[in-house]
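Please look through the sequence and the model below before reading on. The paragraphs that follow move from a single loop residue to the sheet, its packing and the confidence of the prediction.

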Amino acid sequence: MACEVLEGLKRFSLSEAEIVGVEIDEGDIVKSIWELGHNLFQFVFHEIEDKDKVFNNRVWSFDNQYLILREWVENMDVNEMDFSKMAIWIQIWNIPNHWISSEAGLKVGGLFTEVQDVFIPDSGIVKGRCIKLLALIDLAKPLLRGTHIRLGGVKWWVNFKYENLMGFCFYCGFIGHIERGCNQMNDDLKINVLKEGEFGEWLKAEESSFLHKGEN
Ligand SMILES: [Zn+2]
């Protein structure tokens, strides 16, 4: 399935003017973006702070496709690099108010590959409050729509919503293609067993400044 992501990212193309960045350094011109392969670019930062700024922002996209970043390590083999995981902000909704805590968020975050940040917005919006996670998700699996949480014998369904969700298939729930390019949908069409409404627009998180770190 990671290949499907790569297929999707094939649409990631930069004009020559965009891929060549130059920096004047003691009279020399230094190229700061190198094309290493198909849809594979190396970004060279001359200041560690610039690199940190880019990595701290975590989620990048270009032309409605995700740009997946990996930190360069000396002697790294580009053919061995793993682009199958991606960081994304996930909002956990429908949690009873008294269950909202970073600890609860981290436990729910155990469903994802890795939690990199947890954040509870101070203010709510009309429909209540949520917990936010910056988590690594596995692109080889469909998006998780939610999960059951249990507290003292009470079982409760919580919903996941994903911020800035794009390039996502409403049929199979994978990131990296849309319905038109969905192999699973084509296979199901052949045997006349189309599923309905399993994934959709409703997995996209609404934008609200109340939900952003440092803005509430
Ligand atoms: Zn699909």
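In which loop is Asn 94 found? In this predicted model, Asn 94 is found in the loop between β7 and α4, and its phi is near 75°, a positive value in a residue other than glycine. Most residues other than glycine have a negative phi. Asn 94 counts as partly exposed because 14 other C-beta atoms lie within 10 Å, a count that falls between the limits of 12 or fewer for an exposed residue and 20 or more for a buried one. A positive phi is also seen at Asn 39, which is not a glycine and has a value of about 60°. Asn 39 has its place in the loop between β3 (33-37) and β4 (40-43), and it is partly exposed because it has 19 C-beta neighbours inside 10 Å.

From the loop that holds Asn 94 we can turn to the sheet to which β7 belongs. This open sheet is built from 5 strands in the order β8-β9-β7-β11-β10, with antiparallel pairing. Its edge strands, each of which pairs on one side only, are β8 (114-119) and β10, and from one strand to the next the twist averages 35°. Strands of a sheet pair through backbone hydrogen bonds, either parallel or antiparallel.

The pairings around β11 can be followed residue by residue. Strand β7 (residues 85-93) meets strand β11 (residues 154-162) in the antiparallel sense over 4 bridges, and here Ile 92 stands opposite Phe 160 of β11. Strand β10 (residues 146-151) is joined to β11 by 6 bridges, and these two strands likewise run antiparallel. Within that pairing Thr 147 has Val 158 as its bridge partner, while Leu 151 stands opposite Val 154. Strands β10 and β11 form a hairpin with 2 residues between them, and Gly 152 in the turn has a positive phi of about 50°.

The next topic is what packs within and against this sheet. The largest nonpolar core has 25 residues, and those with the most contacts inside it are Met 86, Ile 88, Ile 90, Ile 92, Leu 133, Ala 135 and Ile 137. The elements that give two or more residues to this core are β7 and β9 (131-138), and β7 provides the largest share, 6 residues. Ala 135 offers a close view of this packing: leaving aside its neighbours within four places in sequence, Ala 135 is in contact with Ala 87, Ile 88, Ile 90, Gly 109, Phe 112, Glu 114, Val 115 and Gln 116. Helix α4 (residues 102-109) lies across β7, β8, β9, β10 and β11, and runs at about 155° to β8.

How far the model can be read in detail depends on its confidence scores. The protein chain has an average pLDDT of 81, and 79% of the residues score at least 70. Among the elements of the chain, helix α5 (residues 183-190) has the highest mean pLDDT, 95, whereas helix α1 (residues 2-9) has the lowest, 42. Over residues 1-12 pLDDT stays under 50, and for this stretch the model has 29 contacts beyond four places in sequence. Residues 26-30 also stay under 50, and the model has 5 such contacts for them. Where pLDDT is low, the predicted coordinates should not be read in detail.

Terms used. Residues are numbered from 1 along each chain as its sequence is written. This is a predicted model: local features need pLDDT of at least 70, side-chain atom pairs count only at pLDDT 80 or more; totals for chains, interfaces and linings use all residues. Two strands pair if DSSP finds at least two bridges between them. pLDDT is the predictor's confidence in each residue, from 0 to 100. Two residues are in contact if their C-beta atoms, placed from the backbone, lie within 7 Å. A nonpolar core is a set of buried Ala, Val, Leu, Ile, Met, Phe, Trp, Tyr and Cys residues joined through C-beta atoms within 7 Å. Axes are lines fitted to C-alpha atoms, for helices over the stretch in contact, and angles run from 0 to 180 degrees between N-to-C directions.
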